[in-house]
Amino acid sequence: MTSAAAKVQEKSKDVHKVPIKYPLWFGGSSSALAALVSHPLDLVKVRLQTQHMTGSSHNMFGMFVHIYKDHGIGGLYKGISASLLRQITYSTTRFAVYEKLKQMDQAKNEKTSFGKLVFISSISGFAGSIVGNPADIMNVRMQHDAALPPAERRNYPNALAGIVRMIREEGWSKSLFRGVWPNSGRAVLMTASQLAGYDIFKQELLARTSMTDNTATHLAASLLAGFVATTLCSPLDVIKTRIMSAKEHTSIVHLLSTITKNEGPGWMFKGWLPSFIRLGPHTIATFVFLEQHKKLYRKFKDLDDK
């Protein structure tokens, strides 16, 4: 074992003689709690990415004001049921697969390598995207709905009722998995940069600085992971939002040629700032909640060092 690896193991609270196996649902519940914090920012991001459909041209602050003036505080939480359903499906799956594969690797090796963490997280992101795609579509649609003219609104009462109606009106194959390929690509990049990124940044901070396994380290590692995730995922996030919110089915090739022609290459980072402002707090909140889950679990199981 290298000195850096030994230092990480010495400082990490996730190791008690052997690595602790936490419940696999912790990631999903932490993400759902984080969604309550980040949902208004996610809604603004979606509205900025789709405002070309309504002819508006607000900046981030202007979009906040516009939503608040038209719909009040409740407007900033439009589609919250879909957001929570998305985290319960998508994030529970990706965190559970990631942790399970990591546990399996750690049973054979002292430390999971950087390459393996990226590979494991990529598989986890893909699995999560397939499971969470229906809720993701509903999340985009419910957030975008209020920006449409009244005659064009879908007016889903909640996420589950919306999914049922979507299947009835559009068929399950054309509705539940619309945009699944850009969504899965985004999920792979998101999970690799977010989950693997957090573990890697946390390990490096513990190994190369005087920081210990505490809230300050968790905040720093999650902020760095959020920055990387936002930048890598921005182009696919825009494509996913456009496809899922569209009234008509369109191919990715046609969409790419159209938006590049009409908006230039800058479309790839449209909504980057609200995406980071949303994803940064969401990533931080997710991992802080996750670490608190772990802390309570260790306390309940009497696993913390005396």
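V253 is exposed in this predicted model, because its relative accessible area is 65% and a residue counts as exposed when that value is over 50%. V253 belongs to helix 10, which covers residues 252-263. From V253 to F177 the distance is 17 Å between C-alpha atoms, and the two residues stand 76 apart in sequence.

Let us stay with helix 10 for a moment. This helix has twelve residues, and from its first C-alpha to its last it reaches 16 Å, close to the 16 Å expected at 1.5 Å a residue. What follows helix 10? The residue there is G264, and its phi is positive, near 75°.

That brings me to backbone angles. Most residues other than glycine have a negative phi. Two residues of this chain may be set beside that statement. N155 is not a glycine, yet its phi is positive, near 55°. N155 sits in the loop that runs between helix 5, residues 114-145, and helix 6, residues 159-170. D302, also not a glycine, has a positive phi of about 55°. D302 is located in the segment after helix 11. Is D302 buried, exposed or partly exposed? D302 counts as partly exposed, because its relative accessibility is 48%, and the partly exposed class lies between 20% and 50%.

Two further residues fall within that class. The first to mention is P281, which is placed in helix 11. P281 is partly exposed, since its relative accessibility is 32%. Along the chain, P281 and L41 are 240 residues apart, while their C-alpha atoms are separated by 9.4 Å. The next is R165, a residue of helix 6. With a relative accessibility of 27%, R165 is likewise counted as partly exposed. R165 and A221 are 56 residues apart in sequence, and their C-alpha atoms are 41 Å apart in space.

I now turn to helix 4, which runs over residues 80-106. How does the span of helix 4 agree with what its 27 residues should give? At 1.5 Å a residue, those 27 residues should span 39 Å, and the end C-alpha atoms are 37 Å apart, which agrees. Helix 4 also has a bend of about 25°, located at S91.

Helix 4 appears again in the next topic, the largest pocket. Rolling a probe the size of a water molecule over the atoms shows where empty space is left. The volume of the largest pocket is about 660 Å³. Which elements give two or more residues to the lining of this pocket? They are helix 1 (3-11), strand 2 (18-19), helix 4, helix 8 (180-208) and helix 11 (272-300). The lining holds 33 residues, and those that lie nearest the centre of the pocket are S12, D14, V15, Q106 and Q203. By type, the lining divides into 16 nonpolar residues, ten charged and seven polar.

Finally, I come to the annotation. According to the unreviewed UniProt entry, the annotation "repeat: Solcar" covers three stretches, residues 18-104, 112-204 and 213-296. For the stretch 112-204, the end C-alpha atoms lie 13 Å apart. That span is 78% helix and 0% strand.

To close, I return to two points. V253, in helix 10, is exposed at 65% relative accessible area. The largest pocket, of about 660 Å³, has a lining to which helix 4 is one of the contributors of two or more residues.

Notes. Residues are numbered from 1 along each chain as its sequence is written. This is a predicted model: local features need pLDDT of at least 70, side-chain atom pairs count only at pLDDT 80 or more; totals for chains, interfaces and linings use all residues. Side-chain values use heavy atoms; hydrogens and water are left out. UniProt positions are given in the numbering used here, feature names are shortened, and annotations may be inferred rather than shown by experiment. Helices (H or I, at least four residues) and strands (E, at least two) are DSSP runs, numbered from the N terminus. The expected span of a helix is 1.5 Å times one less than its number of residues. The bend at a residue is the angle between axes fitted to the seven residues ending there and the seven starting there. On a 1 Å grid over the protein atoms alone, a cavity is a set of points where a 1.4 Å probe fits but cannot get out, and a pocket is an open set with protein on both sides within 12 Å along at least five of seven lines; lining residues have an atom within 4 Å of a point. Grid points are joined across faces, edges and corners, and a volume is the space filled by probe spheres set on the points. Ala, Val, Leu, Ile, Met, Phe, Trp, Tyr, Cys and Pro count as nonpolar, Asp, Glu, Lys and Arg as charged, and the others, Gly among them, as polar. Buried means under 20% relative accessible area, exposed over 50%, partly exposed in between (1.4 Å probe, protein chains only).
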